[in-house]
Amino acid sequence: MPSWETPPDRLPPVATVQKLLRALADPVRLEMVRRLATHPAAEAPCSDLYDGLNKSTATHHFKILVEAGILHPVMVGPSRGHRLRRAALQEAVPGLLDALMEAMAREG
C-alpha cells in the first residue's frame with residue numbers, strides 16, 4: 001500500500017450533514033462524486049474524475065472530499081485514484097447520495 005493511501009480502518013468518519021453539504025456544494029466536487037457514483041466499480045483514476053482543472057486545483061478538491069468522508073484514496077491500476085464511500089455515506093446520511101444523483105440526472 002502506498003504511503004499516501006489510507007487503510008480502510010483509518011479513514012475519517014463521514015462528516016456532519018453541514019460539512020457534507022458544504023463539500024458537495026461546489027460544482028466541480030459534485031461532478032467528481034457524480035462520475036464515481038455512476039462508474040461501475042465506484043472507483044476511478046483521479047484523471048478520469050475532472051476536466052479542465054490543473055492538477056493542484058483537482059488535488060485541493062479531492063482533499064476536501066476525503067476529509068468530508070466521501071472519498072477514499074486508492075490505487076486504481078498503476079494510478080492514484082479514489083473510491084466512493086457509498087456504504088459509509090448511506091449509513092451516516094441515508095438517501096443523500098441517491099437523491100443528489102437523481103436530481104443531477106433530471107437536470108441533465
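The exercises below work through a helix, an aromatic pair, a cavity and a pocket of a predicted model.

Residues are numbered from 1 along each chain as its sequence is written. Local features need pLDDT of at least 70 and side-chain atom pairs pLDDT 80 or more, while totals for chains, interfaces and linings use all residues, and side-chain values use heavy atoms, without hydrogens and water.

**Exercise 1.** Describe helix α2: its span, its cap and its buried residues.

*Solution.*
1. Helices are DSSP runs of H or I with at least four residues, strands are runs of E with at least two, and both are numbered from the N terminus.
2. Helix α2 covers residues 27–38, which is 12 residues.
3. The expected span is 1.5 Å times one less than the number of residues. From first C-alpha to last, α2 reaches 16 Å, close to the 16 Å expected.
4. At the N-terminal end, Asp26 caps α2, with a side-chain oxygen 2.8 Å from the backbone nitrogen of Val28.
5. Buried means under 20% relative accessible area, exposed over 50% and partly exposed in between, with a 1.4 Å probe and protein chains only. In α2 the buried residues are Arg29, Leu30, Met32, Val33, Arg35, Leu36 and Ala37.

**Exercise 2.** Find the aromatic pair and classify it.

*Solution.*
1. Rings of Phe, Tyr and Trp (its six-membered ring) pair if their centres lie within 6.5 Å; planes under 30 degrees apart are stacked, over 60 edge-to-face and the rest tilted.
2. The whole structure holds 1 such pair.
3. The ring centres of Tyr50 and Phe62 are 6.1 Å apart and the planes stand at 65°, so the pair is edge-to-face.
4. Tyr50 lies in the loop between β1 (43–45) and α3 (55–67), and Phe62 in helix α3, so the pair ties together parts 12 residues apart in sequence.
5. Both Tyr50 and Phe62 are buried.

**Exercise 3.** Describe the lining of the largest cavity and of the largest pocket.

*Solution.*
1. On a 1 Å grid over the protein atoms alone, a cavity is a set of points where a 1.4 Å probe fits but cannot get out; a pocket is an open set with protein on both sides within 12 Å along at least five of seven lines; lining residues have an atom within 4 Å of a point.
2. The largest cavity holds about 40 Å³ of space. Its lining is Leu24, Leu89, Val93, Leu96, Leu97 and Leu100, and helix α5 (residues 96–107) gives the largest share, 3 residues.
3. The largest pocket holds about 330 Å³ of space. Of its 14 lining residues, Cys46, Thr59, Phe62, Arg80 and His82 are the closest to its centre.
4. Helix α3 gives the most to the pocket lining, with 6 residues.

Key. A polar contact is a pair of N or O atoms within 3.5 Å; within protein, one must be able to donate a hydrogen and the other to accept it, and residues adjacent in sequence count only if both atoms are side-chain atoms. Grid points are joined across faces, edges and corners, and a volume is the space filled by probe spheres set on the points.
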